[in-house]
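This briefing walks through helix packing, strand pairing, one loop residue and a set of salt bridges. Please keep the structure in view while reading the points below.

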Amino acid sequence: MKFIKIFSVLLLFLLLVSIGSLIGVYKWAAQDLPDYKDITDYNPPLVTKVLARDGQVLGYFYREKRFLVSLGEMSPWLIKSFLAAEDAGFYEHEGVELLGIVRAALHNLRAGEIVQGGSTITQQVVKSLLLSPERSYTRKMKEAILAYRLENHLNKDEILTIYLNQIFLGAGAYGVEAAARDYFGKHASDLTLAQAALIAALPKAPTRLNPYRNPQGARHRQLYVLSRLRDLDWITHEEYEAAVAEPFELERMTDPSWRHGPYYLEEVRRQLITMFGEDKVYEGGLIVNSNADIKHLDAAQSALRQGLVESTKRRGWQGPLEHINPEDRDIFLLGLVIDPDRLTKGSWLKVLVTDVSQDRAGVRFGNMRGEIDVSTMSWARTPDPSKAPEEVRAIRDARLILNEGDVVWASVIEEKQSETGLWSLALEQEPLVEGAILSADPRTGEILALAGGYDFHRSHFNRATQAKRQPGSAFKPFVYSVALDNGFTPASVVLDAPITYDDYQTMTTWRPKNFEGVFHGPTLLRNALVKSRNLVTIRVAQNIGINTMVNRFSDFGMQEEFPRDLSISLGSVAISLKDLCQAYSVFARDGSYISLHLINRVANSWGQELYVHQDQPVRAVSPENAYIITNMLQEVVRDGTGWRARILGRPVAGKTGTTNDQNDAWYVGYSPYLLTGVYVGFDQLTPMGKYETGSRAASPIWVNYRLEVEDDYPVQDFARPPGVTMARIDPATGLLAPSGSSQSYFVPFLTGTEPTQRSTRVDETAGTAPSGTSEEDLLRQIF
């Protein structure tokens, strides 16, 4: 009896000591634990998604490729597969599974080190979000304590949702949605049983079991998951057999980033970082609604590339990309991996010249052969900026251009091989000249398309937004707009004659001249803009006063610093293409503008709005002023340097611009529904060559783009405001044209400013208006 008493006391003592030890260990382990409630505000790094205006994905920004999805957006097979592989008793335990811990402890004792964790899904969530990845018993105890607490704070579905979105699954994929896209090219909701089992097989060792690198290891683990599902009676034997027999096929979902409008996407990225900071952009899971239109983006980039290639060919042959010695040619050809099924008409490829004769050059690319006819080399003259291509004889001997061993660009002329087994190719070269195009809806300010260079992968510099260059004559409409508010009308007569300005501070003399180097005497203001007369423009600016003119330019939204210098009237102040288009939108609208913008709306991953673009129209000039300038710019298209735009067969207004030595070429043209600007020039100020004007270098790009998108809009003319009166004017005097005159213009006036006196001049040459020779007239003599 005494023995039993002693034993009971001892047993009670040991029990109390054990309980006390456990309490002590618990208190010790519970010290400095992170706050488990932080998990309830689950905010993992997520992918920011940029959408085009029709909802198509334009691109993604991220550090961790993770897309947040709910359990309802996952395949039921996926949820079952993860539970079978990781924690079959997840919905029964309270965060810690004691048998699993004991089982893992026995494994660790036998191994002599920690090799197995025995963690539940709840513990894995705690470890991933609150604790370090170290393997130790201390961390394991903290993990168990936090898991128990978390189970009492979140329900099971919430914990499972966090787990399936948080977990790393290899190949740069975080969470099941990213894994479904990267391994099977589909969304998590569309996964089959076999596919779900494969993804659920990865958490054990996501890098080692990456199915792209280790398909056998991934397949073995997939079969284990399927067998677990079968053994748990979560799938039938037939479902198991069907899943095992399903082909093991991997496919990545195409990432749209940088495929359409890369310059547009990059500009959105830069603006988002300015608005929200880099971390928010790369981890915040923002949903960005841009104004991009995929069709417009592709058309703009294609037109720009085509125009720049045509421009570089007009300057002549830059030489081969490289020359390969005979002993290295086989190795070079082995590196040219080309799929003939992907070669279509117009495709570019690098080729190795194998033989050259007068009328052709034989080439190889990979294991295929082709020939380049000399007729496709006619442009490849020796570069000479002082001569236009029309002034140089065409190349008629391929031996003057190519040598055996040269590596050059060529494009496919015919999609299929000829009977001889040779591909018919044309000689090409990538341009060194650069350019930009921007297109926007002037009614809303939404930028639909933007391309800032020939090739985004060659240069990320955006010449539509970051580059500032002199606009030349493309700036003149703003001078004439100010003139209309300061006593001038389209029928005002201004002298086109030589001017000389002496600067006694710099001891220099400025002698401006017209493009064609001739003078036309008294000229209508209308004709001066249509024919781009420099000397008339300077006299108009001088009459208005430099201060008055400069003060008004800011009304168009231009923030540039304008010197008190008459040369600014000819576009001597550098401006970006975006800012110039912004200013032109005043004329395309009703005399007001809405800031041109790329981003319409930004929301967080839960759809809560963070930013909505809101802009009120800013009045720059009267509707009447805008209409009169637009009418004159329509004449630039009908009878001036913008003549190429007539091919649209629609009401269009526009103006070209060319700077000294043809360093820069511009064309800005618009309809009521779409305004488009184009810039062409070298990054470093360099003459582009004789006649490389806005009309020749820039306007064809504008035309080729607009031809692709114009049919999406109904024909629309510019609405004449009620304060405008139309009158038929004598082009020589600016007075009302005599009755029956064959020489007259139908001109808009601000009501009350139209002439009242009728001209008494008698027609000297029926049907001829004395508008004189212009840049466009001169070029037409050539073309």
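Helices and strands are taken here as DSSP runs, of at least four residues for helices and at least two for strands, and are numbered from the N terminus. By that numbering, Lys204 sits in the loop that lies between helix H8 (193–200) and H9. The model is a predicted one, and the points that follow are grouped by topic.

**The loop residue Lys204**

- Lys204 counts as exposed, because its relative accessibility is 57% and the exposed class begins over 50%.
- Although Lys204 and Arg221 are 17 residues apart along the chain, their C-alpha atoms are separated by 9.1 Å.

**Packing of H9 and H10**

- Two packed helices are described by the angle between their axes together with the distance between the axes.
- Helix H9 (residues 215–231) packs with helix H10 (residues 237–245) at an angle of about 170 degrees, and the two axes are 10 Å apart.
- H9 is therefore roughly antiparallel to H10, since angles over 145 degrees fall in that class.
- On the H9 side the contact is made by Arg219, Leu223, Leu226, Ser227 and Arg230, while H10 contributes His237, Tyr240, Ala243 and Val244.
- Sorted by character, the residues of this contact between H9 and H10 comprise 5 nonpolar, 2 polar and 2 charged.

**Strand pairing around E1**

- Strand E1 (residues 48–51) and strand E2 (residues 57–61) run antiparallel and are joined by 4 bridges, with Val57 of E2 serving as the bridge partner of Leu51.
- The hairpin of E1 and E2 has 5 residues between the strands, and in this hairpin Gly55 takes a positive phi near 95 degrees.
- E1 also pairs with strand E5 (residues 287–290), here in the parallel sense and over 3 bridges, and Val288 in E5 is the bridge partner of Val50.

**Salt bridges**

- Side chains of opposite charge can pair when their charged atoms come close, and a search of the whole structure finds 37 salt bridges.
- Arg66 forms a salt bridge with Glu64, in which the closest N and O atoms are 2.8 Å apart; Arg66 counts as buried at 1% relative accessibility, whereas Glu64, with a relative accessible area of 22%, is partly exposed.
- Arg269 forms a salt bridge with Glu266, with the closest N and O atoms 2.8 Å apart, and both residues lie in helix H11 (residues 262–276), where they are 3 residues apart, about one turn of the helix.
- Arg269 is buried, with a relative accessible area of 18%, and Glu266 is buried too, with a relative accessible area of 12%; buried means under 20%.
- Glu390 and Arg696 meet through their side chains in a salt bridge with an N to O distance of 2.0 Å.
- Glu390 lies in the loop between strand E9 (368–373) and strand E10 (406–412), and Arg696 lies in helix H21 (residues 694–709), so this pair ties together parts that are 306 residues apart in sequence.
- Of these two partners, Glu390 is partly exposed, with a relative accessible area of 36%, whereas Arg696 is buried, with a relative accessible area of 6%.
- Arg63, Glu278, Asp279 and Glu283 are joined into one network by salt bridges that share partners.

Conventions: Residues are numbered from 1 along each chain as its sequence is written. This is a predicted model: local features need pLDDT of at least 70, side-chain atom pairs count only at pLDDT 80 or more; totals for chains, interfaces and linings use all residues. Side-chain values use heavy atoms; hydrogens and water are left out. Axes are lines fitted to C-alpha atoms, for helices over the stretch in contact, and angles run from 0 to 180 degrees between N-to-C directions. Angles under 35 degrees count as roughly parallel, over 145 as roughly antiparallel, 65 to 115 as roughly perpendicular and the rest as oblique. Contact means heavy atoms within 4.5 Å. Ala, Val, Leu, Ile, Met, Phe, Trp, Tyr, Cys and Pro count as nonpolar, Asp, Glu, Lys and Arg as charged, and the others, Gly among them, as polar. Two strands pair if DSSP finds at least two bridges between them. Buried means under 20% relative accessible area, exposed over 50%, partly exposed in between (1.4 Å probe, protein chains only). A salt bridge is a side-chain nitrogen of Lys or Arg within 4 Å of a carboxyl oxygen of Asp or Glu.
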